[in-house]
Amino acid sequence: MSNAVVSAFKNKQLRKKLLFTTLILIVVRFGSQLPIPEIDSAQISAYLKSTLGDSFSLLNSFTGGSFMQMSVFALSVTPYITSSIIMQLMTIVIPALEEMQKDGEDGRKRMAKITRYVTVVLAIIEGAGLAIGFANQGALGTDYTTFTIVTMIIALTAGAVLVMWLGERITESGIGNGISIILLVNIVFGMPGDFTSLYNQFMKQIGPALIAGCVIVGVVLAVVVFVIVLSDAERHIPVQYSKKMQGRKLVGGQQSKIPLKVNTAGVIPIIFASSIMQFPIMLQNVLKYENNGFIGKALTSLNSSTWFDASHPKRSIGLLIYIVLVVLFAYFYTSITFNPLEISNNMKKQGGFIPGIRPGKPTVDYLNKILKYIIFIGAAGLTIVAVVPFFFNGVFGASVSFGGTSIIIVVGVILETIKQIQSQLLVQNYSGFLSE
C-alpha cells in the first residue's frame, strides 16, 4: 500500500489529483469551523452536550465534530448518504428507477441528478427541524426572530449542498470517491481528541499506565485487523464454461469464479440500525419524557451508553434490538443489491454453470443457500465490531466519538482508495508502454 502512495506522488498526473483532493479537504475542514451567522454556536453546543450527551456520537463523528459545534457544515455528508440509501431502496418500489439504474452511464447520471435533488430536500427538512427544535427548546436564546431561524435553515442547507458539490469534484478530478473521502477525513479528524481523552482518563488516573495503554492500543489494533479481514473476506463460487464452436474453432471451456464478499452489505446495516435507534432518543429529548416513566425508561434503554450498565441490566434489551436490526438490514440490503436469478440467467446465456449444479432454478437455490450463510457471518462480524466500543463505554466509561462503524468506514475507504490508485498506476504504465 505504501508503495502505491509513493508511486502516486512520483507520477505527475496522480500527484495533481492528490493535491487537488487535499485542497478540497482543507476547504471542507474550514467550513466545519465556520459559525452560522446570527447564531450563538457556543450556546447551541453547550445545549447539545447537556441534553444529548453521547446519543449522537456517530452523527458527530460523521460530521467531524461540526454537528456539536453547529457550524455551516453541521449536516456535512449525512443528507447525501441518506439520499443515496433512499434512492437504492426506491429502486425496489419504483420500476422506472430500477430500469434507470440498469441503463448504463446515462441511467447513472440521471440517478445521480435525482439523488442531488433529494439531498437538497433532506437538507432543508433537517435544517428546519434543527432550527425550529432549537428555538422551541430555548437554545437560540430569548431574542431570536423568524429571520434567525430562516438564516440557520439556509446556512445548513447551503453547507450540505456545498459539501455534496465538493465531494463530486473530488470524484471527478481527484482520487477516490469524494463523499467517502470527506467522510473519512471527518472521522479521522476527531480521533486525536478521542485518544487524548482516553489517555487522560486511563493512563493518568490509573496506576499501571503502561498496562492501560497496551490494552487500549491492543483493542484498537485488533478491531482494525478484524475489519480488514472482514472487508477482504470472500467466498469464491467456481464457474465452468462449456466449449462451443465459433466458425471452425472450438472456444470456451475456461474456468472462472463468482466472488461473494462475506460483508456483502458493507457498513449500511449498522448505519440503518443506528439511525433507527437514535430517532426515539431524539424524540425523548424533544418531548422531554421523564426517565422514571414507562416511555422514558423504554427510550433510555435504546441509548447505547446504557447497554452494558451493570446497575441497569434490563436496559440491555436495547442491545438485543440493535443486533436484530443489524442482521435484518444485512439480509434486506443484500437482497436488493445481489440478484441470484440475474446471475444465474447471465451464466446460462454465456454457457456457464457451477460444477455439480444444474443451470436454472437449482443454481438460484444454490446461490441463495450460500448467500444466507455468508450474510449471517458478515452480519455477526459487523455486530462484533460495532458492539466492542459500546462494551468499553458501558463497563469502563471509555467514551469516544468514533466506534466500530467509523473504523469500518475508515478501513474500507482507505482500502478502496489504495486499490484505485494502484489501478490508475497500472493503466498509465500500460499507456506509457504502448506509446513507446
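Me: What percentage of the 436 residues of the protein count as buried?
Reply: Good place to start! Keep in mind that this is a predicted model. A residue counts as buried when its relative accessible area is under 20%. Among the 436 residues of the protein, the share that passes this test is 44%.

Me: How many helices and strands does the secondary structure of the protein have?
Reply: You can follow these along the chain in the structure above. The secondary structure of the protein comes to 17 helices and five strands.

Me: What share of the contacts with a separation of 6 or more joins residues 24 or more positions apart?
Reply: Contact here means heavy atoms within 4.5 Å. Taking the contacts in the protein with a separation of 6 or more, the part due to residues 24 or more positions apart is 70%.

Me: Are α6 and α8 roughly parallel or oblique to each other?
Reply: Let's look at the angle. Helix α6 covers residues 78–93 and helix α8 covers residues 104–137, and the two pack at about 125° with their axes 8 Å apart. Angles over 145 degrees would count as roughly antiparallel and 65 to 115 as roughly perpendicular. The angle fits neither range, so α6 and α8 are oblique.

Me: Which residues of α8 meet α6, and how many residues of this contact are charged?
Reply: On the α6 side, the residues include Y80, I86 and M87. They and their partners divide into nine nonpolar, seven polar and one charged. The residues in α8 are M111, I114, T115, V118, T119, L122, A123 and E126, and the number of charged residues in the contact is one.

Me: Is T383 buried or exposed?
Reply: T383 sits in helix α16, which spans residues 361–396. Leaving aside neighbours within four places in sequence, T383 is in contact with I323 and V326. Its relative accessible area is 9%, and the cut-off for burial is under 20%, so T383 is buried.

Me: Where is L34 found, and does it count as buried or partly exposed?
Reply: L34 is in the loop between α2 (12–33) and α3 (41–51). Its relative accessibility is 35%, and values between 20% and 50% lie in the middle class, so L34 counts as partly exposed.

Me: Which residues is L34 in contact with, leaving aside its neighbours within four places in sequence?
Reply: Try looking further along the chain. M70 is 36 residues away from L34, yet their C-alpha atoms are separated by 9.0 Å. With neighbours within four places set aside, the residues in contact with L34 are S71 and V72.

How values were computed. Residues numbered from 1 in each chain as written. Predicted model: local features only at pLDDT ≥ 70, side-chain atom pairs only at ≥ 80, totals over all residues. Heavy atoms only, no water. Helix = DSSP H or I, 4+ residues; strand = E, 2+ residues; numbered from the N terminus. Buried < 20%, exposed > 50% of the residue type's maximum accessible area, 1.4 Å probe, protein only. Axes fitted to C-alpha atoms, helices over the stretch in contact; angles between N-to-C directions. Parallel < 35°, antiparallel > 145°, perpendicular 65-115°, else oblique. Nonpolar A, V, L, I, M, F, W, Y, C, P; charged D, E, K, R; others polar.
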